[in-house]
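Q: Could you take a close look at one part of this model for me, namely a pair of packed helices and what surrounds it? I'd like the geometry first and then the residues, in one go.

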Amino acid sequence: MARPESHTHAVPLGLAGAAGLLMPLQALITSSAAGYLGGYFAAAMLSSLTSLVCLVVASLALPGARAGWRRFGTVWRDRPVPRWFLLAGLVGAYYMVAQAVSVNNIGLALFAVAVVGARTLTSIVIDMIGFSPAGKQPITRIRILGAALLVIGAVIASWGTAASISESPLAWISLVVALGAGILVSFQQSMNGRAGKAYGSTTTATALNYLASTAGLLVAMVTLAVLDIESFGFQIVPLWWMYFAGPLGILFVVTGVTLVPRLGALVLGIGLVTGQLVGSLAMDLLIAPEKVGGNEIVGTIVTLLAVLVASWQPNGRPRLRTGKAT
C-alpha cells in the first residue's frame with residue numbers, strides 16, 4: 001500500500017530536465033574550445049581536468065564523500081558492482097570528444113537528434129534487461145508511445161538541418177560518432193547509478209568517473225601526439241569561459257547517478273533530453289532568434305508531451321514510488 005508521502009516522478013523529472021537544459025551550452029563550449037586549444041582531445045581534457053579538480057575538493061570537504069572513498073576497498077573486494085564499472089568514465093571522455101567533433105560538423109540540433117534517438121532506444125533495452133539500479137522496468141505500450149513521441153519531437157525540431165550533412169566531408173563520421181555517444185551514455189548512467197549505490201556517495205562515484213575519463217584522454221592524447229595526428233596539450237592558454245564545460249558535465253553525471261535508481265533508464269533519459277532540446281531552443285532564441293523556425297518550437301512541444309506520456313499511468317495519476325530513495 002502506497003504511503004501518503006510517496007513521491008511522484010514530477011520532482012526527479014524536473015531535476016533531470018534542469019540538468020539537460022545545460023547540455024547544449026556544454027556542447028557549444030567544448031566545440032568552440034577545440035578550435036581555440038588546437039584539438040578535439042585538448043578541449044575534452046580541459047573539461048575533464050576541471051571536473052576532476054572540483055570533485056577532489058568536494059571529496060575532501062563532504063563527509064559522505066569521504067565515507068564513500070573509505071568504502072572503496074570493500075567495494076573492490078566484495079564486488080557488489082563489477083570492477084570494470086570503473087571504466088564508465090571512458091564513456092564520458094568519448095562523449096566530450098564527440099561533442100567537440102560533431103557540433104562543428106553537423107550542428108547542435110542534429111547532434112542532439114542522434115544522441116536522443118540512440119539513447120532512447122538503448123534505454124528501452126537497458127530497462128528490459130534490468131541493467132540499471134532500478135532493476136527490470138515494465139516496457140508498457142504507454143512507455144513505448146512516450147519514447148516514440150520523443151524521437152518524433154526531436155526529428156521535427158531539427159527538420160531541415162540534415163541537408164547540412166552534404167556540406168562537410170566529416171559529417172557522416174560525426175553523425176556515427178554522435179550515435180555512438182547516445183548508446184554509450186545510457187549504459188554509463190546505469191553503471192554510475194549502481195556504483196553510487198555501492199559506495200553510498202554520488203560524489204565518490206562521479207569522481208571515479210572523471211578519474212577514468214582523464215586517464216583515458218591522457219593516453220589518447222599521448223598516442224595521437226606520437227602518431228603526429230594531434231599535438232599534445234594546449235596550443236594556447238584557455239579562455240575563462242572554457243573552464244565551465246567541466247562543471248556542467250558534473251551536473252549531468254551527478255543527475256544520472258542520483259536519479260536513475262528512482263526513474264529507470266528510459267524515463268531519466270526522456271527528462272534529460274527534453275531539457276536538452278528546450279535548452280537548445282532557448283539558446284537559439286537568445287543568440288540568433290531570426291533562425292528559429294516553427295518546426296523547432298513544435299518539436300520541443302511534442303517532446304514535452306513525450307515526458308508526460310512516459311511518466312503517466314493509464315489511470316490518469318503519475319507513477320508513485322514507494323519506499324525511500326537511495
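## Helix 6 and helix 8

A: Helix 6 and helix 8 sit oblique to each other. The angle between them is about 45°, which falls in neither the roughly parallel class (under 35 degrees) nor the roughly perpendicular one (65 to 115), so oblique is the label that fits. Their axes are 4 Å apart. Keep in mind that this is a predicted model.

What's in that contact? Sorted by class, the residues where helix 6 meets helix 8 come to 25 nonpolar, 13 polar and one charged.

Now helix 6 by itself. Helix 6 covers residues 88-129 and is the top contributor to the largest nonpolar core, giving 13 residues. That core has 47 residues in total, and Y95, F111 and L268 have the most contacts inside it. As a general backdrop, nonpolar side chains in soluble globular proteins tend to be buried together.

F111 is worth zooming in on. Once you skip its neighbours within four places in sequence, F111 touches Y95, A98, Q99, S102, V103, I106 and A178. So Y95 turns up twice here, as a contact of F111 and as one of the best-connected members of the core. There's also a second core, separate from this one, with 16 residues, including A33, A44, A93 and A100.

Over to the partner. Helix 8 runs over residues 171-199. Here's a quick sanity check: its 29 residues at 1.5 Å a residue should span 42 Å, and the end C-alpha atoms are 41 Å apart, so the two values agree. Right after helix 8 comes G200, whose phi is positive, at about 70°.

Within helix 8 you'll find N192. N192 has a relative accessible area of 5%, under the 20% cut-off, so this residue counts as buried. Although N192 and V253 are separated by 61 residues in sequence, their C-alpha atoms are 7.9 Å apart in space.

Zooming out, the protein chain has eleven helices and two strands. Along the sequence the order is β-α-α-α-α-α-α-α-α-α-α-α-β. Of its 326 residues, 52% are buried. If you take the contacts with a separation of 6 or more, 84% of them link residues 24 or more positions apart.

Terms used: Residues are numbered from 1 along each chain as its sequence is written. This is a predicted model: local features need pLDDT of at least 70, side-chain atom pairs count only at pLDDT 80 or more; totals for chains, interfaces and linings use all residues. Side-chain values use heavy atoms; hydrogens and water are left out. A nonpolar core is a set of buried Ala, Val, Leu, Ile, Met, Phe, Trp, Tyr and Cys residues joined through side-chain atoms within 4.5 Å. Buried means under 20% relative accessible area, exposed over 50%, partly exposed in between (1.4 Å probe, protein chains only). Contact means heavy atoms within 4.5 Å. Axes are lines fitted to C-alpha atoms, for helices over the stretch in contact, and angles run from 0 to 180 degrees between N-to-C directions. Angles under 35 degrees count as roughly parallel, over 145 as roughly antiparallel, 65 to 115 as roughly perpendicular and the rest as oblique. Ala, Val, Leu, Ile, Met, Phe, Trp, Tyr, Cys and Pro count as nonpolar, Asp, Glu, Lys and Arg as charged, and the others, Gly among them, as polar. The expected span of a helix is 1.5 Å times one less than its number of residues.
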